[in-house]
Amino acid sequence: MGSDRQQETIMCAGCGVKIQTEDKNKAGYTPSSALEREILICQRCFRLKHYNEVQDVSLTDDDFLRILNELGNKKGLVVKIVDIFDFDGSWLNGLQRYVGQNPILLVGNKVDLLPKSVKRQKVIQWMKKAAKDKGLKPVDVHLMSAETGEGVLEAADLIESYRNQGDVFVAGCTNTGKSTFINRLLKEFGAAEDLMITTSNIPGTTLDMIDVPLDDGASLYDTPGIINPHQMAHLVGASSLKVMMPRKEVKPKIFQLSSEQSIFFAGLGRVDFLKGERQSFVVYMSNDLYIHRTKLEKADHLYETQLGDQLAPPTGDELTEFPALKRKEWKVEAGKFDIVYSGLGWVTIDGPGAIVASYAPVGVEVTIRPSIF
């Protein structure tokens, strides 16, 4: 049986890559002895699933884009997943360019991370406007949490109503929860544990399209996550990611600042209040991330001497390649505005106006928007 299967084209049930038995250093490797199993996963997925170990693979951004380009030649509904806590950072630019005439359903995942006081409908309205501003016209917008299950069945109903018995392609950037969402759907509909797709908080877990057959002959595909290089997640390792990425409802940290004060977000970023009346700065970031207020005159010295110690993450080996912080100055009008750090969170400034400076690692995007709350 094993030799027969070696002649077949077999795809990994965990990440979608083609199974091969020749080269341990290439994607899709599995030992020949494993070919006897009914459901096959590659060695990389096996070690990720059972030991939480992540092995590097040789796929590039071009490989991921090549796979996405195939969507334009297929017919079906595209479900675009974005991380609602990192909307701009997880936005996949130009998706409509890849998918041709296929309709797009926009789904905001990780809604469970938002404070419960936030009205869901207001977030949906904000998503619709933000999508329009970015040139996307989805057929509908929905909020859910693939982790807790909130809104997942409703998302399934929307998919069913818009796919018109066609295929479904779940797309988005790395770490938006695509595979977790599909696994939640499979679990709700009674799929076996062995059919679950490999998930991880490490970018780039899904390596090729994963095909999940639907009852009516169509298929649901998990596409590989496109890596947005300006996201913070690509600058730190697994242990720092656990601290940096929120895993439960974020508790806002409120600071009443006078001018010439600074707030550090561990060693990952900073905001300086340069000029303005005393007002509130509200930090929406992981509850586990160390937030530190100090005087502006002490901020540079603190960063130079405490990076990796008091100001951590980053830590250990991450420090050798961690980029310098890039400064950007903002004039914030009166009202409520968010200074957004891609992949990290945001700071809401609520007051009569201010001049502030943001600091983020070189390559990490910082933007400003009217507050979504």
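**Notebook: salt bridges, a sheet and helix 9**

I began with Glu160, which at 46% relative accessibility counts as partly exposed. The model I am reading is a predicted one, and I kept that in mind for each entry below.

**Entry on helix 6.** I looked up the partner of Glu160 and found Arg163, with which Glu160 forms a salt bridge whose closest N and O atoms are 3.2 Å apart. Both residues lie in helix 6 (residues 152-163), where they are 3 residues apart, about one turn of the helix. The general rule I noted beside this is that an α-helix has 3.6 residues a turn, so residues three or four places apart point the same way. Arg163 is buried, with a relative accessible area of 7%, whereas Glu160 is partly exposed.

**Entry on confidence.** I then checked the pLDDT, which averages 84 over the protein chain, with 83% of the residues scoring at least 70. Over residues 1-7 the pLDDT is below 50, and I noted that this stretch has 12 contacts in the model beyond near neighbours in sequence. The pLDDT is also below 50 over residues 52-59, a stretch for which I noted 18 contacts beyond near neighbours in sequence.

**Entry on the sheet.** I traced an open sheet of 5 strands, in the order 7-10-14-13-16, and its pairing is antiparallel. Strand 7 (253-257) and strand 16 (366-370) stand at the edges with a single partner strand each, so one side of each has no neighbour in the sheet. From one strand to the next, the twist averages 20°.

I followed the edge at strand 16 further, where strand 13 (residues 335-341) pairs with strand 16 in the antiparallel sense over 5 bridges. Phe337 has Pro370 of strand 16 as its bridge partner. I also found a side-chain link here, since Arg369 and Asp338 meet in a salt bridge of 3.1 Å, N to O. This pair links distant parts of the chain, with Arg369 in strand 16 and Asp338 in strand 13, 31 residues apart. I looked up the accessibility of both partners: Arg369 is buried, with a relative accessible area of 9%, and Asp338 is buried as well, with a relative accessible area of 0%.

**Entry on helix 9.** Which residues of helix 9 are buried? I found Ala299, Leu302 and Tyr303 as the buried residues of helix 9 (residues 296-306). They cover an arc of only 95° around the axis, which puts them on the same side of helix 9. Glu297, His301 and Glu304 are exposed residues on the face turned away from the buried side of helix 9. What covers the buried residues includes strand 8 (261-265), strand 9 (269-275), strand 11 (291-295) and strand 12 (325-332). Just after helix 9, I noted that Gly308 takes a positive phi of about 90°.

Helix 9 also takes part in a salt bridge, in which Arg270 and Asp300 have their closest N and O atoms 2.9 Å apart. This pair, too, links distant parts of the chain, with Arg270 in strand 9 and Asp300 in helix 9, 30 residues apart. Arg270 counts as buried at 3% relative accessibility, while Asp300 is partly exposed, with a relative accessible area of 44%.

**Entry on the whole structure.** How many salt bridges does a search of the whole structure find? My search gave 12 salt bridges. I also noted a network of salt bridges that links Lys116, Glu249 and Lys251.

How values were computed: Residues numbered from 1 in each chain as written. Predicted model: local features only at pLDDT ≥ 70, side-chain atom pairs only at ≥ 80, totals over all residues. Heavy atoms only, no water. Pairing = 2+ DSSP bridges. Helix = DSSP H or I, 4+ residues; strand = E, 2+ residues; numbered from the N terminus. Axes fitted to C-alpha atoms, helices over the stretch in contact; angles between N-to-C directions. Buried < 20%, exposed > 50% of the residue type's maximum accessible area, 1.4 Å probe, protein only. Arc of directions from axis to C-beta. Contact = heavy atoms within 4.5 Å. pLDDT = per-residue confidence, 0-100. Salt bridge = Lys/Arg side-chain N within 4 Å of Asp/Glu carboxyl O.
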